Structure formats: structure tokens, C-alpha cells
Amino acid sequence: MTELLQNLIDGLGRGSIYALLALGVAVVFGIMHMLNFAHGELITIPGYLTFWAFNNGWNWWTVVPLIVVSAVLSSLLIERIAFSRVRGATDFTMLLTSFGVHFIVAAGFLLYVSASVKTIPRPGWFANTVSVGSLNIEVFDLAVIAVTAVVLAGTTWLLQRTMFGLALRAAASDFDTARLMGVKSDSVIRGAFALSGFLAGIAGVFWIMREGQVTPTAGINPMLQGVLAVLIGGLGSLRGAVLGGLVLGLAEVLLRSWLPLGIQNLTTGFVFLMIALLFIFRPGGLLSVPQVERV
Amino acid sequence: MFPNKRRDVGFPILGSLVLFAVLFGGGLIYQTILGNGSAERLVTTMLIDAIIVIGIQIYIGNTGILSFGHIGFGAVAGYAFAVFAIAPEEKLKRIPMAPFGLTDVQVSPVVAIIIAVLITLVFAFIVGIGLARSGAQSGSVAATVITLALLFVTHEVAKSWPELTGGNRGGISFGIGDSLQSRWPVLLALFGAMLVARLFGQSRSGRLAIAAREDNLAARAMGVNPLVQQMAALLLSVAIVSIGSALRVFEIGSILPDRFFFDYAMLTLVMLIVGGRNSVTGAVLGVAVMTAARELARRLGQDGFEAFGIGLDEAPLDWIFRENLNSIVLGVAMVAFMIWRPKGILEDWEFDQWLYRKIGRGAESKPERLSELDTVPDAAFSASDISVSFGGFHALTDAGIDAKSGEIVGIIGPNGAGKTTFVNVITGMVEPTGGRFEIDGADLSGKQSFELSRSGLVRTFQNLRLFGALTVRENVETAALVAQEHRSDRVLRSTDALIAEAGLWEHRDRRARELDYGNSRRLELARAAAMAPSFMLLDEPTSGMSDSESITMIEQVRHMAATVGAGVIVIDHDLAFITGISDRIYVLDQGSVIADGTPDEVQANPQVQAAYLGSAAIT
């Protein structure tokens, strides 16, 4: 029982980061119908800035805003340079564009910064735990869960209660009609990318802390987890994205603890296997959005 | 299997020979001019990349589904090949504890390749089922993510199963001198890959896959089951990628997880995209162009490189021209092409088809007019009590019609009466909440749309759904291919004659998306007729046409139906058109049939007048 509770908290911590990433992917997907394979770069770019900042005497208090702000700016910049030019193109084109952006950023860091691993110091409290009864809970997990809860609440408020949120949801459900109704497409798309960048920034703070390092290809894993979480939850559903992230995190942690010792290093493989099974029995994901075929 | 032997078999063979000669010849010239070992290796690498890229083209090009996973399949094949082909004494150094006693196994390279292909095909079949379940179709995002996940799984397993794979750093290697020493196997495989890819593209299966790529819904309405064709394309493409990957391992002499991962997936995709993913010629061109571009970038990145006597490594440029420059070239090429030329340099231009049009086809003469069939095969359609509700809204309530071969039945009703919903139900695109429909007594309710069209109910679409990138002739041919398989008991008319009959003979080589509105409508009619249907369902065939065009269309519909012996069920809201064309008319209003009979009877019916002209008309 204790072990299960422990794992649940672990999994929620992990899943919270995925949920933030997935929500960012889902917001952009909703508005542009583009699955952003460059979403992970919103962690790589701030990651390198963090490395630079620590070398110049910054500390975590100043680095956290740096990460979030740089993630938002990177997101807007990438939209401006690349994605704005393929708006309305086929899904195929948009997928490959975002994939290409990932590759340019990764190759850019490889080429003009360094191919080697850059380490980033973790904060002092990172490994601390608090005991509740027989549970040993990592402070890091608690911080992730608490911050994610606050951010998700804020995002929900933004989407449900503000004009921007209304415009964004309208544009996500029918872009052309929303435009005819006077929603400014440029500003809504930019807003979506800013929001996506902000969510990635928050996730990035924890991701960078946990990894304690950054490499040119650091964006691949967060991107993959975010994208998979969106699919698990159901493409096109924001709530599904958050749920998918949490489920993915829990699945990883629980599987690792249940698998026999010999094959524990294959956990990722088994997680993928579970996802594959989910797709076979529920192709639309957990909260599948009905796809209407227009005749 | 092939609609036209000369065009679809002869010329592709000829074209593949030329393509092969050009690529290999170009490589030979390059390596002779440079005359060093590294140039020779570059050419060999290019030839192997070409095999893999052509393999990927078979899937992506014909189905329109973006796949990252083919390099994952390549990893499976590469490891399978390595484990079976490497000598036991070499395996003892790296994987002494390999599972299933594989350490002691050794077979000849050829047998190892066959084993590798078979193992990979099993994986591909399983993944293919998953893709089908996810509703894969052209541009499908979920399918792409599945393939991406596959790439990661294979990489992850290769890394974390060192007992079999030698792990992340060591890998497994051939003994010195055991790796591929001759180019012949590569050349053979490359030519084979080109040939197979071209023949598949021209084959029945390839054409049906391409039709589904262009418009999935329309393809299903023409009796194509896209999932079967996608699976065929997947298996064929994976087989070729597997052979290429095994050769790649054989040539390099070792395998590591990272060799078949993101970077290589990116490289092969960029090669395919740059040249033109919908064409084998394009794939080959892309391989050549990107190999050259990367080699140039690599040399620019080396210190002290000069081009045309100008040193590019001088101070201000030095920060750009660095080692690994070639890796960023890939990303830039990908994004630049997506923004400015998303379909690649050649789009879907195919060398052998161009050659065929230039020299192979000869003069074509317009076919004779088709005569109407003397005896029309008997067929009866009947739908009864069809109900559909969306949420609380009843689109159809107990609607039913009867039709038999040789007659034209009109369904009319104001906008929102449920006409299109009715067609959608009997063509399997909307599931009814109740009722049944049948042809010749055989219950068809609950069948999928491609099964319904194979049983003889073939539709056109109100808002035009042609296979846009295909020519007029290819559009009609697609339907004819399905008819040959599933409607062989009927009179099958020649494709060309139907095209001429629809008045499209002059436009036969134009792409469907270039046609004007009226011609597009006529092409839909010809395509439906080529299915040799028992009943043609025409959904507003004259919408958007002028009155005089509509009148010509009436005659064309009547004649076209008579030449293939089909009954016609036509839907429109235009009373004049429907009464002009129909033998019998059903009037739909608010989801129910309110009247039926001959045009005169229906026009005299007060309820119909009320529905059409408002109740004021009858008081």
C-alpha cells in the first residue's frame, strides 16, 4: 500500500510535467492543426540559456523567469520564422516543417555551441524528501504537482473566462468561421504559441532541474512525451492532453515498479506497447473527439 | 493487375533501367574524377541510401502517410541480419549470451537477408494493423505519431537489450574482411527496388492506394478498401527498406542503435521530400541532390577548403563553416522545401510516363460512340423505414424508396429535407438508426461504403470529390479497375469510350483538379459509370450549372446510364430538372416521404405544392 501510494505520487509528479507539455502541444494543434514536433526545442533553447546563466553567476531564483520568458519568446520566434509560412498547408507539410525546425535547432547547437553534455547544477533542495507517516515524498515531486495544479487552474481560467480564451476555443473548433466572426487570426495564433511556450517553459524549469544537463538533442524526449500524451488523451481535446500526460507519467512509474528486475530497462518499450494496445482498442484516445467526415 | 501492359509494365522497366544507369553512371564518373577511396565509399553509400529511400517512397508516396518508422523497421532488419550473418567467433566477443542460442548460429549473407526481411515483415504486419485501427489515411497525424513511436521503441530496445544487440556503445561487428566487399549486391538490389517501386505505382494496388491518397472518402465510394492497399504498400516498402538496411549494415561492417535512428530517418526523409515524394524518379533525384549537398557542406566545413579558388575559411566566415555543417543542411533543406516547394523538385513527374507520352503512345483516335444496351440486366433496389437522428434532430423518419434497373427515380425536397442524408445512408457514410435497404433481396444495411459500391450502388458527390492529382483518364481507370474485380458479371465499357461519352476526350490527360466545374461534374458521372453500377446515385448533379448546361446534363445522365445498364437515383432540389429527367419521383420533406408517383402526379399533389410554394399556394 505504501509502495503504491509512493508510486502514485512519483507518477503524478512525472505526469504533471508531461501534462504541461501535452497541453502546449494540444493548444497549437487546436488552432493550426499542426502537431508540433519542435515543441521540445522550447526546452532545449532555455536549457542552453540556463547553462550560460549559471556560468555567469545567476542562481535558480533568476534562472526560473529566464527559462519561462525565453520559452515564450522562442515559441513566438519559431512561429514567426517558420510556422506562419505554412499556415493552412497540408498536415503532411506542417508535420515535416516542425520536424525540420527541431532538426535545425538541434544541429545549430551541435554546430555552434558544442556536441558535449553541458551540466546544470540542481538546486540544493532537489534531493530532499519529507516524511508523511511511512511515505517518503520528494520535495521535487510536490513542487511539480503544486505548480502544475496552479498553472492548469490559471490556464483553465484563461480559456474559459477571458476574451482571448473564447477566441482561441472558437478558432480551434472552426478557424474560418471564427475569422468571419471577427476573431483576429494572427493574434489568436500568436497567443496560442505564447501560451504553448509558457506551458513548455514551466515544464522546462522542472525538466531541466531533473535532468541536470542539456545536449543538442535534449528536445526529443519532452517532445515525444508531449505528443504521445496528446494522442493518449485524444487528439483535439485539451482536457484529454492533460489526462494523457498524467496517465503516461503514472504508467511509466507503475510499470517500472511492477516489471521484474531483469527487464526493467525495457520499461519504455512496455509503455509503448501499452500505448499501442490503447490505440488498437480505442483509436481516438481516452477522451476521443468524434471526427465528422464531411461528405 | 496492370491496366495497360505497355504503359504500366514495359515503360517502367525501360525507365528503371535508364534511371539506374544515370544514378550509377553519375556516381562512377564522380569517383573516377576524384579517384580516391572516400569518393568510392560516398558513391556506395549513396546507392544504398537510394534503395532505402525508394523503399520508403513506396509507402509515403502511394499512401500519403508520413512515416518515420521505416528506419525503425530498418533497425529490426539490420540487427536480424547482423545476428544471423556474423560469424560465431565475432559474436562471442560482444554477445556471448545471446538469447535463443543465436551466438552459435551463422548462415550465409543471402539467407540472413531473407531471414531479416521475413522477421521485419512480421513486425510490419502488426504495426500495419495498428495503423489501420488508428484510421490511417493521407496526412493522418495519429498514424505519423505511431510510426515515430515505433522508431523510438526499436532504438530503445536496441539500446537496452545488450545481450542481443551489443548495447549502445559496442554494437556488433563483422570480422575484418567479412563485410561487403563487392558492389554487385547493392547494384542488384537498387535496380530491383526501382523496378518494384515503379511497377507497384502502376499496378492495380498502387493505383487504388493513390486514389485513396487523393481522396479517401471518394475512393471508398468507388469500391476501394484503402486499408488493404495501405497494407500492401507497407509490406512491400518494408521489404525493400529491410534489404537496403541489411546491405547498409553489411557495407559498414557493424551496427549500433544510433545508426538507425533520428538522424538517418531525417536524412532519408529529406532525400525523399526534396526530390518529390510522389515519384520514384523524384526519390532518386533527391538522393543524388542531397548526397551532393551534404558532401559539399562537409567539405566546406573542413578547414582550408577552397571552392573555385576562393578560400571560404577566412576570418569572417569561419564561424559558419564548421565541422558538422552537413547536419544543419538537412534541417534547412527540409524547412525551405516545405515552405517554398512542399511537393519537391519533381512533384509527381515520373520519367517513364513522360517517355511513354512522348514516344510510346502513338496517335490516339477518339473512340466510337457507345450504343445503349439492348437488354438491361434486371436489378431492384429497395429501402424501407430508414431513420436517422443526430442527437435529438430527426434527419430522416421512416423514409423509403424503390427503384429498378432501366428507370430514373428522382428524389426531391427543399433544403434540409434529408436528401443527402438519405444518399449517405445507402452508400454507407452515415449509419442509420433504423430501417433496411437491399439490392435484389440481399440485405445491405450495415455494410461499409466500399462494399456497397461493389454491390452496385455507386454515387457522385454534391461538392465534387475527384482524385485531384490524377488525370481524367486515371480517375476513370481507377473505377474500371475495381469494376473488373467486383463487377465482372456486368457489361464493362472501355475507359476511353466512357471518357469520350462524357465529352472529356480532349481533356483526357489533364489533371482532374484543373478541370472547370461542368467538366468536373461530367467526370464524376463517367467515373461512376465505369464502376458498371446497378444503380447510380447522383447527388445534385447540376448544382452550380446554368439551365442550358443542366438540360445537356439530363441527356448525358440518361445516355450514360443506358450504356452501362444502370438504374438512376437522382437527388435535387430543382423541380424543373427532376421532373424533366425522372420516370418516378419521391418527395421528401422534413425527413419523410410525403408523396411519390410520376412527375405529373407529384406536381398535382397539394402537399407537394405546400412544401414547395408555401401553404398560401393551395388556399
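What follows is a chat between a learner and a teacher about reading a predicted model, with chain B as the main example.

Me: Where do I start with chain B? How many helices and strands are there in chain B?
Reply: Start with an inventory. Chain B holds 24 helices and 14 strands. Its C-alpha trace spans about 95 × 55 × 50 Å along the principal axes. Of the 619 residues of chain B, 52% count as buried. Then look at who touches whom: among contacts in chain B between residues at least 6 apart in sequence, 75% join residues at least 24 apart.

Me: And domains? Into which domains is chain B divided?
Reply: You read domains as stretches with their own bounds. Here they are domain 1 (5-259) and domain 2 (380-618) of chain B. Taken over C-alpha atoms, the centres of these two domains of chain B are separated by 45 Å. The contact between them uses 15 residues from domain 1 of chain B and 19 residues from domain 2 of chain B. On the domain 1 side, helix 9 (204-214) and helix 10 (216-221) of chain B are the elements giving two or more residues. Helix 9 of chain B has the largest share, with six residues. By class, that side splits into eight nonpolar, two polar and five charged residues.

Me: How do I read a contact between two chains? How many residues does each chain give to it?
Reply: Count each side, then ask which elements supply it. Chain B puts in 38 residues and chain A 39 residues. On the chain B side, the elements giving two or more residues are helix 5 (109-133), helix 6 (141-160), helix 12 (262-275) and helix 14 (325-340) of chain B. Helix 6 of chain B gives the most, 11 residues. The classes on that side of chain B are 24 nonpolar, 11 polar and three charged residues.

Me: What about the nonpolar core? Which residues touch the most other members of the largest nonpolar core?
Reply: Look for the best-connected members. In this core of 287 residues, they are Ala22(A), Ile51(B), Phe81(B), Val270(B) and Met334(B). Helix 8 (residues 185-211) of chain A supplies the largest share, 15 residues. The core also draws at least three residues from each of domain 1 and domain 2 of chain B. Zoom in on Val270(B): leaving out residues up to four places away in sequence, Val270(B) touches Met290(B), Leu330(B), Ala333(B) and Met334(B).

Me: Now a sheet. What is the strand order in the open sheet of four strands in chain B?
Reply: Read across from one edge to the other. The order is 6-5-8-9, with antiparallel pairing. Strand 6 (393-404) and strand 9 (442-443) of chain B are the edges, each pairing on one side only. Helix 16 (residues 419-426) of chain B packs on this sheet and touches strand 5, strand 6 and strand 8 of chain B; the direction of helix 16 makes about 115° with that of strand 5 of chain B.

Me: How many bridges link strand 5 and strand 8 of chain B?
Reply: Bridges tell you which residues face each other across a pair. Strand 5 (residues 380-390) and strand 8 (residues 434-439) of chain B pair in the antiparallel sense over five bridges. Phe381(B) stands opposite Ile439(B), and Ala383(B) has Phe437(B) as its bridge partner. Strand 8 and strand 9 of chain B also run antiparallel, joined by two bridges, and Glu438(B) partners Asp443(B). These two strands of chain B form a hairpin with two residues between them, and Asp440(B) in the turn has a positive phi of about 50°.

Me: Why notice a positive phi at all?
Reply: Because most residues other than glycine have a negative phi. Asp385(B), not a glycine, has a positive phi of about 55° and lies in strand 5 of chain B. Ala532(B), not a glycine either, has a positive phi of about 50°. You'll find Ala532(B) in the loop between helix 20 (517-530) and strand 11 (535-539) of chain B.

Me: Is Ala532(B) buried or exposed?
Reply: Count C-beta neighbours inside 10 Å: 20 or more means buried, 12 or fewer means exposed. Ala532(B) has 25, so Ala532(B) counts as buried. Asp385(B) has 14 other C-beta atoms within 10 Å, so Asp385(B) is partly exposed. Gly362(B), in the loop between helix 15 (351-360) and strand 5 of chain B, has 6, so Gly362(B) is exposed.

Terms used
Residues numbered from 1 in each chain as written. Chains lettered and ligands numbered in written order. Predicted model: local features only at pLDDT ≥ 70, side-chain atom pairs only at ≥ 80, totals over all residues. Contact = placed C-beta atoms within 7 Å. Nonpolar A, V, L, I, M, F, W, Y, C, P; charged D, E, K, R; others polar. Pairing = 2+ DSSP bridges. Axes fitted to C-alpha atoms, helices over the stretch in contact; angles between N-to-C directions. Domains from an automatic or database assignment. Core = buried A, V, L, I, M, F, W, Y, C linked by C-beta atoms within 7 Å.
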